Amino acid sequence: MTPLLVKSMLLVFGASVVGSFGAVFLKLGAMRLNKNLLSFVNVRLIFGVTLYLASSVIYALGVKGGPLSVLYPLVSLGYIFTLLWSKLFFNEALNGYKFAGLGLILLGVFFVGLGSA
Amino acid sequence: MNTISTKPTPQPNAASARRKSATIVAACTLLGAVAQLLIKVGMSPAHFDPSVVGLLSDVPLIAGYSCYGLFTIAMVLALREGELSMMYPIISLTYVWVTILSYWLLKETPNLYKNLGIVTIVIGVGVLGRGGKK
């Protein structure tokens, strides 16, 4: 592994972690929405969107420096974090279907990355 | 510990609201995929010009980010009712649309791995959907 590839992998991995927190804040903000359109302007939503934007910038910096077959599956690690945060922050039920579905999704993203290399 | 009394009674339409949320996200991944393709076209040397005027006249790039904006709003609306552990992984359908649209519009060559990948993702989202709150 070249230093450039390691750097790219770290960037993409970092982007997926930042993105998973973005999702948490979007959910926190979404739970506060009401009929009033102005309820869209709330700190949690804005922070969530900011994290998403930050995540896509970090991702764009990382994805230039390595093959997609390696970097794509790293992005989808963000899904695993999101599952953990869902349990931790929102006490959502985790079950066999969710783990199996996520496992298949990760495998699928791995294949797409392999085919895009 | 008995927590039943503290839990709100489930609304009869809560399950259908969650199903609706999942459908919204799934449908909107097509919008997300269109956004990615437009941004890719907008970033290509034929369109991209890193000056203020150049960026403001880059129609595919602007259209692409607008689609992303709409996608994010739809996602937020879906997250009101839907479980995060369901909604977020459904976004992976974007990979499926991007791959199919790239075959069709960008004339990328299909291969076994990509096809296997998109089929596996679709099955994965289907399995995940069975694990949602009823």
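These exercises, each with a worked solution, concern a predicted model.

## Exercise 1. The fold of chain A

Task: Describe the secondary structure of chain A, then state what share of the chain's residues is buried.

Solution.

Step 1. Count the elements. Chain A has 4 helices and 0 strands.

Step 2. Put them in order. Along the sequence the pattern reads α-α-α-α.

Step 3. Take the dimensions. The C-alpha trace of chain A spans about 50 × 35 × 20 Å along its principal axes.

Step 4. Find the buried share. Chain A has 117 residues, and 41% of them are buried.

Step 5. Turn to the contacts. Of the contacts in chain A between residues at least 6 apart in sequence, 70% link residues at least 24 apart.

Step 6. Look at the surface. Chain A exposes about 6,000 Å², and 76% of this area comes from carbon and sulfur atoms.

## Exercise 2. The largest pocket

Task: Find which elements line the largest pocket, and classify the lining residues as nonpolar, polar or charged.

Solution.

Step 1. Recall the method. Rolling a probe the size of a water molecule over the atoms shows where empty space is left.

Step 2. State the volume. The largest pocket holds about 1,900 Å³ of space.

Step 3. Locate its centre. The lining has 46 residues, and those closest to the centre are A:Ser56, A:Tyr59, B:Gln36, B:Ile39 and B:Tyr68.

Step 4. List the elements that give two or more residues to the lining. From chain A these are α1 (3-30), α2 (43-63), α3 (68-90) and α4 (96-116). From chain B they are α1 (14-43), α3 (59-81) and α5 (93-104).

Step 5. Pick out the main contributor. Helix α2(A) gives the largest share of the lining, 10 residues.

Step 6. Sort the lining residues by type. There are 29 nonpolar, 13 polar and 4 charged residues.

## Exercise 3. Two cysteines without a bond

Task: Explain why B:Cys67 is not bonded to B:Cys28.

Solution.

Step 1. Recall the bond in question. A disulfide is a covalent bond between the sulfur atoms of two cysteines.

Step 2. Count disulfides. Over all chains the structure holds 0 of them.

Step 3. Check the distance. The cysteine sulfur nearest to that of B:Cys28 belongs to B:Cys67 and is 11 Å away.

Step 4. Compare with the cut-off. A disulfide requires the two sulfur atoms to be within 2.5 Å. The sulfur of B:Cys67 therefore lies too far from that of B:Cys28 for a bond, at 11 Å.

Step 5. Add the surroundings. B:Cys28 is buried, at 16% relative accessible area, and B:Cys67 is buried too, at 14%.

## Exercise 4. Positive phi outside glycine

Task: For A:Asn91 and B:Lys107, state where each residue lies, and decide whether each is buried or exposed.

Solution.

Step 1. Recall the background. Most residues other than glycine have a negative phi.

Step 2. Examine A:Asn91. Its phi is positive, about 50°, although the residue is not a glycine. A:Asn91 sits in the loop between α3 and α4 of chain A.

Step 3. Examine B:Lys107. Its phi is also positive, near 55°, and this residue is not a glycine. B:Lys107 sits in the loop between α5 and α6 (112-130) of chain B.

Step 4. Apply the cut-off. A residue counts as exposed over 50% relative accessible area. A:Asn91 has 59%, so A:Asn91 is exposed. B:Lys107 has 65%, so B:Lys107 is exposed.

## Exercise 5. Three buried residues

Task: For B:Ala35, A:Asn42 and A:Ser76, give the location, the accessibility and the contacts, leaving aside neighbours up to four places away in sequence.

Solution.

Step 1. Take B:Ala35. This residue is in helix α1 of chain B and is buried, with a relative accessible area of 0%. B:Ala35 is in contact with B:Gly64, B:Cys67 and B:Tyr68. From B:Ala35 to B:Val76 there are 41 residues in sequence and 17 Å in space, C-alpha to C-alpha.

Step 2. Take A:Asn42. This residue is in the loop between α1 and α2 of chain A. The cut-off for buried is under 20%, so A:Asn42, at 12%, counts as buried. A:Asn42 touches A:Gly29, A:Arg32 and A:Leu33. The C-alpha atoms of A:Asn42 and A:Ala30 are separated by 9.3 Å, with the residues 12 apart along the chain.

Step 3. Take A:Ser76. This residue is in helix α3 of chain A and is buried at 1%. A:Ser76 touches A:Leu106 and A:Val109.

How values were computed:
Residues numbered from 1 in each chain as written. Chains lettered and ligands numbered in written order. Predicted model: local features only at pLDDT ≥ 70, side-chain atom pairs only at ≥ 80, totals over all residues. Heavy atoms only, no water. 1 Å grid on protein atoms, 1.4 Å probe; cavity = no way out; pocket = protein on both sides within 12 Å on 5 of 7 lines; lining within 4 Å. Points joined across faces, edges and corners; volume = space filled by probe spheres on them. Nonpolar A, V, L, I, M, F, W, Y, C, P; charged D, E, K, R; others polar. Buried < 20%, exposed > 50% of the residue type's maximum accessible area, 1.4 Å probe, protein only. Contact = heavy atoms within 4.5 Å. Areas by Shrake-Rupley, 256 points an atom, 1.4 Å probe, with all protein chains shown as cover.
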